[in-house]
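Dear colleague,

I am passing on the structure we spoke about, and below it you will find my notes on what turned up when I went through it. Please read them with the model open beside you.

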Amino acid sequence: MSLVESDENTPLLRGENTSGGDADRSRWRSIRVMYFTMFLSSVGFSIVITSIWPYLKKIDKSADASFLGWVVAAYSLGQMVASPLFGLWSNHRPRREPLVCSIFINVSANIYYAYVYLPSSHKKIHMLLARTFVGIGAGNVAVVRSYVASATSLRERTCAMANMSACQALGFILGPALQAALAFIGETGVNVNVIQLWVNMYTAPALLAAFFGIINILLVILVLREHFVDDHGNDIRAINYTSEEQVDVAPEAEGDIDQIAVFTSNVLFFVILFIFAVFETISTPLSMDMFSWTRKEAVSYNGIILAAIGFESILVFVVVKVVSARVGDRPLLLGGLIFIFVGFFILLPWGNQYPKIQWADIQNNTRLAPTQSSNTSLEPTGCPYQQAWCLFTPVINLAQYITSDILIGVGYPTCNVMSYTLYSKILGPKPQGVYMGWLTASGSGARTLGPVFVSQVYTNWGPRWAFIVICGIVLVAIVFLSAMYKRLIAFSIRHGMIED
């Protein structure tokens, strides 16, 4: 059975007191629209992630790896600013409104990204702005998570969140896979002179993401309805906002939210997103430096690798849904962090072999230099001599890279789904729009700082110091989680409404 098929008929997703009528069917149709929205949000991010660096270098020769960090971080910066605002909006107005607005921004920003080559100057700045607006559109993740949390019972929530994460992972799979599939268009591509559009391996993915966004807007308008259920699965309110004359919100439950648990969850989520942002940002430049891949090879091979990690993540989500029912959410979160630590530890450089240096071939083959400069199909490969660490840092082997990918591919999805599943349970029946906005902002802040951090450290000191720092951060997170372990419990359990 599909992860998102017939959720209301699966044992782990069927509430004890659901009505089983039209309202219940409408509730699950709406939840599936949220799954699809999360899927498309993930596709919109990942479909260009492996090609940003070669695209940036092609359109603006002045761009370096440090600026790449800012371009990747721009998405998350935009999302960090927009998420609490969209969350606040969704608390007071129909959630269809912020969803449609955010997706429209996303569509427009992807079209902008496809045209960043057109200005005569400051092209890298235009790319930076385009990715910022894509991130602002992705601020709807807070609304999506808030909706699913308020439309599911406590018993349903872990599986609903796992299904949503599976859809997110599926988008993460198809994004790089579609990018790799579109690589056949090549860098030259096709010019559509009527609209001055250059369709190539860099712009086609963004245009495809914009098309997906238009489909998403139609689904939100035509299918989505408002639903609220309590922690036992009782239907509090099912609202059709087609005639938006009155806006209702779910009634607040008695009892206070544990703010220390909220703070802890936000810190852990920040760490989880930070370390994965480092991983996804560094993959393309690291593979080009260590394995001497060309731009096209880096886009294609990393697209395949990230797609494989996405498939692995879906398997992890299936296992998580079963294991969490037996051992609980907190042990899985702790185990996921341990997997991530081991993954980055394995990635540390060691041995006495060193990467190929770009200038070596040019220096040792000066007779060929005129031929190479006249043939634009040849590009220098290897670790650039401008990065001094290339001369004394051991090479990272492909086996290390793949093994690390596999381990992080287990740890990250486990931590991701468990962190915001726990968070939604800690908040309980309280309105979650703003709180989910802060959680998304926390993750976006991590995705802003992560690329900037790793691009600076990697460029100046190399992968050894970058990954040592990451290992230290993960260890601190493990200790912090262990110290706050007993506070990370559901709102209903904390207030004695449901027994643990």
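Asp329 has a relative accessible area of 10% in this predicted model, and since buried means under 20%, Asp329 is counted as buried. Asp329 forms a salt bridge with Lys425, with 2.9 Å between the closest N and O atoms. Because Asp329 belongs to helix α11 (residues 329-346) and Lys425 to helix α14 (residues 398-427), the pair ties together parts that are 96 residues apart in sequence. Lys425 is likewise classed as buried, its relative accessibility being 13%.

By the rule applied here, the count of salt bridges comes to four, and two others among them deserve a description. Arg95 pairs with Glu226, the closest N and O atoms lying 2.6 Å apart. Arg95 sits in the loop between α3 (65-92) and α4 (96-114), while Glu226 is in strand β3 (residues 226-229), so this salt bridge ties together parts that are 131 residues apart in sequence. Both Arg95 and Glu226 are buried.

The side chains of Asp258 and Arg487 also meet in a salt bridge, at 3.2 Å from N to O. This pair links distant parts of the chain, 229 residues apart, with Asp258 in the loop between β4 (235-239) and α9 (259-291) and Arg487 in the loop between α16 (463-483) and α17 (491-494). The partners fall into separate accessibility classes: Asp258 counts as buried at 7% relative accessibility, whereas Arg487, at 36%, counts as partly exposed. As general background to these pairs, side chains of opposite charge can pair when their charged atoms come close.

Turning from the charged pairs to burial, I would point you to helix α6 (residues 141-150), where ten of the ten residues are buried, so that the helix is largely enclosed by the rest of the structure. The buried residues of α6 include Arg145 and Tyr147, as well as Val141, Val143, Val144 and Val148; Ala142, Ser146, Ala149 and Ser150 are buried too.

Finally, which residues does Ser51 touch, if those up to four places away in sequence are not counted? The contacts of Ser51 are with Gln179, Tyr202 and Val299. Ser51 is found in the loop between α1 (22-46) and α2 (52-59), and its relative accessibility of 0% is why Ser51 counts as buried.

With best wishes

How values were computed: Residues numbered from 1 in each chain as written. Predicted model: local features only at pLDDT ≥ 70, side-chain atom pairs only at ≥ 80, totals over all residues. Heavy atoms only, no water. Buried < 20%, exposed > 50% of the residue type's maximum accessible area, 1.4 Å probe, protein only. Helix = DSSP H or I, 4+ residues; strand = E, 2+ residues; numbered from the N terminus. Contact = heavy atoms within 4.5 Å.
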